[in-house]
Amino acid sequence: KSYVTPVLLEVTRVVLSIFSLLYIATGAIYAAEHDVNPQFPDFFTALYFGLTTLTTVGFGDITPITWEGRFVVAASILAGVAVFPY
């Protein structure tokens, strides 16, 4: 008998997708902004920003200033809207 149900597989896929998107978005925004933007002093701050961006909360306390950072934010918002409802 298999203990892996289709629902468990779906939940696992969604959770792994969310964590993957969060990690990729955090790394990308940190790489794009940390040299020129003092609002991104460390990876944890970028992680906080990535989480608020992916969940489309967007408090506005941290903002990207480079075009690369803005592109990462736009892609993160689209990915968050596409993945989080599932």
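Trainee: What covers the buried residues of helix 2?

Mentor: The cover includes helix 1 (6-33) and helix 3, judged by contact, meaning heavy atoms within 4.5 Å. This is a predicted model, where local features need pLDDT of at least 70, side-chain atom pairs count only at pLDDT 80 or more, and totals for chains, interfaces and linings use all residues. Residues are numbered from 1 along each chain as its sequence is written, and side-chain values use heavy atoms, with hydrogens and water left out.

Trainee: Which residues of helix 2 are called buried, and why?

Mentor: Thr45, Ala46, Phe49, Gly50, Thr52, Thr53 and Leu54 are, because each has under 20% relative accessible area (1.4 Å probe, protein chains only).

Trainee: What makes 43-54 a helix?

Mentor: A helix is a DSSP run of H or I with at least four residues, numbered from the N terminus. Helix 2 has 12 residues, so it qualifies.

Trainee: How do you know what span to expect for helix 2?

Mentor: Take 1.5 Å times one less than the number of residues. The expected value is 16 Å, and helix 2 reaches 16 Å from its first C-alpha to its last.

Trainee: Why is the set with Ile29 and Phe40 called a nonpolar core?

Mentor: Its 7 residues are Ile29, Phe40, Ala46, Phe49, Ile62, Val72 and Val73. They qualify because a core is a set of buried Ala, Val, Leu, Ile, Met, Phe, Trp, Tyr and Cys residues joined through side-chain atoms within 4.5 Å.

Trainee: Which residues does Ile62 touch?

Mentor: Gln39, Phe40, Thr45, Tyr48 and Phe49, not counting residues up to four places away in sequence.

Definitions and conventions. Buried means under 20% relative accessible area, exposed over 50%, partly exposed in between (1.4 Å probe, protein chains only). Helices (H or I, at least four residues) and strands (E, at least two) are DSSP runs, numbered from the N terminus.
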